[in-house]
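Thanks for coming. I have one model to go through today, and I will keep to what can be read from the coordinates.

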Protein chains: 2
Amino acid sequence: MAKKASAQLSEYLAGQGLKSTSQRDKILAVFVEAGRHLSAEELYARIKKVHPGIGYATVYRTLKLLAEAGMAEERRFEDGFTRYEYKTSEGGHHDHLICTRCRAIVEFENERIEALQQDVARNNGFLVQSHKLEIYGLCSACQGKKNKPA
Amino acid sequence: MAKKASAQLSEYLAGQGLKSTSQRDKILAVFVEAGRHLSAEELYARIKKVHPGIGYATVYRTLKLLAEAGMAEERRFEDGFTRYEYKTSEGGHHDHLICTRCRAIVEFENERIEALQQDVARNNGFLVQSHKLEIYGLCSACQGKKNKPA
DNA sequence: TTGAAATTGAAATCCATTTTCAATTTGTTG
DNA sequence: CAACAAATTGAAAATGGATTTCAATTTCAA
């Protein structure tokens, strides 16, 4: 998986007249490895452990690059941080359930909701380009607990 | 309508041990008058024309206050600005269609989508607190036009 | 009327993100 | 392989929307 990802990146870079660098490869590897929904900050923290030389700005820049390459998706939830999600070529569109207490994020897909969105858009004369559905609430683990922790 | 709004604000302020001020009244009046989805910046611009003495920070603070009072709702779309929407006591929840070209915002309500969201949440053990659905696309007026303007 | 507490405007600060810039690296060309 | 133009990097500075600070002013209960 990581190998395919770096190949995909190289291909994109070559096609754009951009250059492959060890930093980009390393950042991508950690990003893919880490799982989903990382903020630049979180990713930088992970990178730093393995590759202390890599700078802050490079992580930000690479994340933006991956988004342009179609390999990552930018997400802005309500906590002020931009998060990036690794986008496998197969993985279809999905939306998010977000726990307001522990910040857990659960992904879901629902075709009926998507279809209804198309209907709504059509009824208003809109041509849909993208959409964003976030459901905020308490996950099952947090429903029993007391009020906000820290 | 504006009268009811200022009465509602006064009531909230009194209940919280906060104070009524002419600035708050004026800001609220312009906010209610202006219609929906104003950023603090936009509201400040409007305020400045009528009440040049009112400061920037006060507009921000008042908007946050109105949100706390339940009289306004904070919305963050993808353009980086926090927008506020005047919330009438009757007006139910609604979502948004947003034109990516001209930034027009159309509101809609769809009970079936809401119901499906509840289903999705329940299936994942979530207790819903709020949600956010934004559909981005081209409005009918913009579909015929060439690429991005400015 | 008085004074403690809240509020204000202006400016300073915050903070995630972006940009600048000199130094370094890449990869193409000869 | 050498040489160079263009891209990239890291560190630090800048950006920009939003928030906070602070001294001065206003509110409102007593």
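I will start with the fold of one chain, move to the sheets, and finish with the interface.

First, a caveat: this is a predicted model. Everything I quote was computed from that prediction.

Let's take chain A on its own. Its secondary structure comes to six helices and six strands. Going along the sequence, the order is α-α-β-α-α-β-β-β-β-α-β-α. Along the principal axes, the C-alpha atoms of chain A fill a box of roughly 45 × 45 × 25 Å.

Now the sheets. I'll take the one that involves both chains. It is an open sheet of six strands, and the order is β5(A)-β4(A)-β6(A)-β6(B)-β4(B)-β5(B). The pairing in that sheet is mixed. What stands at the edges? Those places go to β5 of chain A and β5 of chain B, residues 105-108, and each has a single partner strand, so one side of each is left without a neighbour in the sheet. From one strand to the next the twist averages 20°.

The join between the chains is made by β6(A) and β6(B), the latter being residues 127-138, which pair in the antiparallel sense over 11 bridges. To give you some register: His131(A) stands opposite Ile135(B), and Gly137(A) stands opposite Val128(B).

On the chain B side of that join, β4(B), residues 95-99, pairs with β6(B) in the parallel sense, over four bridges. Leu97(B) has Ile135(B) opposite it in β6(B). So Ile135(B) is a residue to look at on screen, with Leu97(B) opposite it in one pairing and His131(A) in another. In the parallel pairing, Cys99(B) also has a bridge partner in β6(B), namely Gly137(B).

Two helices lie across this sheet. α5(A) lies across β4 and β6 of chain A together with β4, β5 and β6 of chain B, and runs at about 130° to β6(A). Its counterpart in name, α5(B), residues 111-123, lies across β4, β5 and β6 of chain A together with β4 and β6 of chain B. The angle there is about 130° to β6(B).

There is also a sheet within chain B. Three strands make it up, in the order β1-β3-β2; this sheet is open and its pairing is antiparallel. At the edges stand β1, residues 38-39, and β2, residues 72-76; each has a single partner strand, so one side of each is left without a neighbour in the sheet. The pairing of β1(B) with β3(B), residues 82-86, runs over two bridges, and in it Leu38(B) has Tyr84(B) as its bridge partner. Helix α2 of chain B, residues 22-34, lies across β1, β2 and β3 of chain B, at about 85° to β3(B).

On to the interface as a whole. How many residues are in contact? There are 33 of chain A against 33 of chain B. The area buried between the two chains is about 3100 Å², and carbon and sulfur atoms give 62% of that. Of the area that chain A buries against chain B, Leu116(A), Phe126(A) and Lys132(A) supply 22%, more than any other three residues.

As for polar features, the rule finds 16 residue pairs in polar contact across the interface. Which elements of chain A make up its side? Those that give two or more residues are β4 (95-99), β5 (105-108), α5 (111-123), β6 (127-138) and α6 (140-143). β6(A) gives the most, with 12 residues. By class, that side of chain A has 17 nonpolar, 11 polar and five charged residues.

Last, the charged pairs. A search of the whole structure finds 22 salt bridges over all chains, and four are found across the interface of chain A and chain B. One salt bridge is between Glu78(B) and Lys132(A), whose closest N and O atoms are 2.9 Å apart. Glu78(B) sits in the loop between β2 and β3 of chain B and Lys132(A) in strand β6 of chain A, so the pair joins two chains. Lys132(A) is also one of the three residues I named for buried area. Another salt bridge has Glu78(A) meeting Arg76(B), at 3.8 Å from N to O.

That is the end of the walk-through; I'll take questions now.

Note on methods:
Residues are numbered from 1 along each chain as its sequence is written. Chains are lettered from A and ligands numbered from 1 in the order in which they are written. This is a predicted model: local features need pLDDT of at least 70, side-chain atom pairs count only at pLDDT 80 or more; totals for chains, interfaces and linings use all residues. Side-chain values use heavy atoms; hydrogens and water are left out. Contact means heavy atoms within 4.5 Å. Buried area is the accessible area (1.4 Å probe) that two parts lose on being put together, summed over both. A salt bridge is a side-chain nitrogen of Lys or Arg within 4 Å of a carboxyl oxygen of Asp or Glu. A polar contact is a pair of N or O atoms within 3.5 Å; within protein, one must be able to donate a hydrogen and the other to accept it, and residues adjacent in sequence count only if both atoms are side-chain atoms. Ala, Val, Leu, Ile, Met, Phe, Trp, Tyr, Cys and Pro count as nonpolar, Asp, Glu, Lys and Arg as charged, and the others, Gly among them, as polar. Two strands pair if DSSP finds at least two bridges between them. Axes are lines fitted to C-alpha atoms, for helices over the stretch in contact, and angles run from 0 to 180 degrees between N-to-C directions.
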